[in-house]
Amino acid sequence: MAAFEVRGGKQLRGEITPQGAKNEALQILCAVLLTSEPVTISNIPDIRDVNKLIELLRDMGVKVGKLATDTYIFQAENVNLDYLDTPEFVAQAGALRGSVMILGPMLGRYGRCQLPKPGGDKIGRRPMDTHFLGLEKLGGKLTLEGTDFYRIKVDGKLTGTHMLLDEASVTGTANILMAAVLAEGTTTIYNAACEPYLQQLCRMLVRMGANIQGIGSNLLTIQGVERLGGTEHRMLPDMIEIGSFIGLAAMTGSEITIKDCQILELGLIPDTFRKLGIQMEFRGDDIHIPAQKHYEIATYLDGSILTVSDHTWPGFTPDLLSIVLVVACQAKGTVLIHQKMFESRLFFVDKLIDMGAQIILCDPHRATVIGLDQQKQLHGITMTSPDIRAGVALLIAALSAEGKSTILNVEQIDRGYQFIDQRLNALGADIKRL
């Protein structure tokens with residue numbers, strides 16, 4: 001098990017470029033299964049979850065060529081369907097949450113797929129009902145073996161239909177969309193997710209020959225086509241990394257410029273951090289955060305305590321609530337963090353309390369943070385990273401704290417942030433990988 005030894009209390013300075021978006025990558029990579037023609041994808045993040053998905057595609061028979069550090073060419077000309085029946089596939093797919101998004105492309109192109117219950121972060125229940133209900137409405141027939149192995153197939157060809165999703169699931173929408181583009185007739189998906197990453201997937205599919213209307217809205221209309229062709233695609237920068245770097249700059253009193261942010265795609269992220277009192281300046285598509293000794297949490301117009309909560313897009317992403325929470329620890333003022341979508345994502349605040357933060361964990365979904373206003377520094381401790389986002393929140397806390405912190409299980413952080421220790425050390429951090 002790898003660990004980070006962090007010596008905190010240092011001001012950072014310089015420029016940092018966010019990696020390609022992990023959550024986009026997991027969808028885009030699975031979409032290469034929809035065509036036999038070459039697909040070139042750039043700005044792919046070099047992180048564990050993405051690399052494992054590329055490995056899975058290669059083992060399924062997809063030709064994979066590396067053109068540059070962040071650019072690959074894929075050709076799913078001869079996918080080996082028999083590989084789905086092997087123990088190796090079960091082990092690979094079961095260890096990777098993103099493997100769920102092979103379902104739609106495989107069902108749409110080959111008429112069948114199977115999948116063990118995917119892994120991923122332990123952040124509470126993440127049911128797959130939306131995926132399967134949508135694919136069943138297109139004509140897929142689902143069988144469940146035991147409690148953790150799914151088989152789905154279609155007799156003949158998928159058929160377009162109208163559906164109202166029970167939740168605006170990003171991965172569920174992506175799976176249904178990728179199946180529907182090769183179905184016969186017209187499919188309408190209402191209450192569809194409309195995150196920028198989903199919009200990116202739609203635009204990529206359109207370049208491949210798909211007919212999709214309503215991109216960017218919660219009502220997608222797909223006219224099925226016979227086949228899709230190849231394309232080139234460049235992924236957006238990772239908005240979660242961008243938000244993490246904004247929070248890091250504020251928490252450590254650092255002056256940082258985040259390069260190439262695609263600011264128009266960030267939604268409420270900049271304004272949410274501004275509500276915590278964090279100053280930032282847009283310079284083209286770069287975000288400059290000046291060094292601040294203090295930042296003050298806003299209140300509502302009537303003076304009541306601010307609440308920051310997550311919601312489906314265009315609401316605030318749940319992946320950044322842990323960052324908001326840790327940054328609030330050194331703000332002036334009080335904020336209620338309300339994590340609506342997952343019931344276990346706040347179960348790292350005990351580590352922050354041990355470091356000296358003033359936090360009341362009200363229940364699995366809500367925490368009240370009383371900011372220290374930099375009057376008292378956090379102090380270093382030994383802690384364990386429970387998941388990707390909490391792990392980076394703890395890293396930010398450690399970088400702001402007095403003394404030495406040790407963060408165990410940093411493989412969790414590596415799943416979502418490429419070479420984060422090296423990149424932050426280049427700004428002046430003191431992080432040693434053990």
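The buried residues of helix 2 (buried meaning under 20% relative accessible area with a 1.4 Å probe and protein chains only) pack against helix 1 (22-31), strand 4 (63-68), strand 5 (71-75), helix 3 (87-94) and helix 12. Contact here means heavy atoms within 4.5 Å, and helices (H or I, at least four residues) and strands (E, at least two) are DSSP runs numbered from the N terminus. The model is a predicted one, in which local features need pLDDT of at least 70 and side-chain atom pairs count only at pLDDT 80 or more, while totals for chains, interfaces and linings use all residues. Residues are numbered from 1 along each chain as its sequence is written, and side-chain values use heavy atoms, with hydrogens and water left out.

Helix 2 itself rewards a closer look. Its buried residues are Asp-49, Val-50, Leu-53, Ile-54, Leu-56 and Leu-57. Seen down the helix axis, these fall within an arc of 155° (taken from the directions from the axis to the C-beta atoms), so they line one face of the helix. An α-helix has 3.6 residues a turn, so residues three or four places apart point the same way. The 12 residues of helix 2 (residues 48-59) should span 16 Å at 1.5 Å a residue, and the end C-alpha atoms, 16 Å apart, agree with this; the expected span is 1.5 Å times one less than the number of residues. After helix 2 comes Gly-61, with a positive phi near 110°.

Turning to the interior, the largest nonpolar core (buried Ala, Val, Leu, Ile, Met, Phe, Trp, Tyr and Cys residues joined through side-chain atoms within 4.5 Å) has 81 residues. Helix 12 (residues 388-400) supplies the largest share of this core, 10 residues. Among the residues with the most contacts inside the core are Ile-258, Phe-273 and Leu-424. Leaving aside residues up to four places away in sequence, Leu-424 touches Ile-16, Phe-245, Leu-248, Leu-395, Leu-399, Ala-429 and Ile-431. Another core, of 71 residues, lies apart from it and includes Val-32, Cys-113, Leu-135 and Ile-152.

For "binding site", an unreviewed UniProt entry lists Arg-97, Asp-319 and Met-341; such annotations may be inferred rather than shown by experiment. Arg-97 sits in the loop between helix 3 and helix 4 (103-110) and counts as buried at 18% relative accessibility. Asp-319, in the loop between strand 17 (306-309) and helix 10 (321-328), is buried with a relative accessible area of 11%. Not counting residues up to four places away in sequence, Asp-319 touches Asn-23, Ile-240, Arg-345 and Arg-389.

Methods: Buried < 20%, exposed > 50% of the residue type's maximum accessible area, 1.4 Å probe, protein only.
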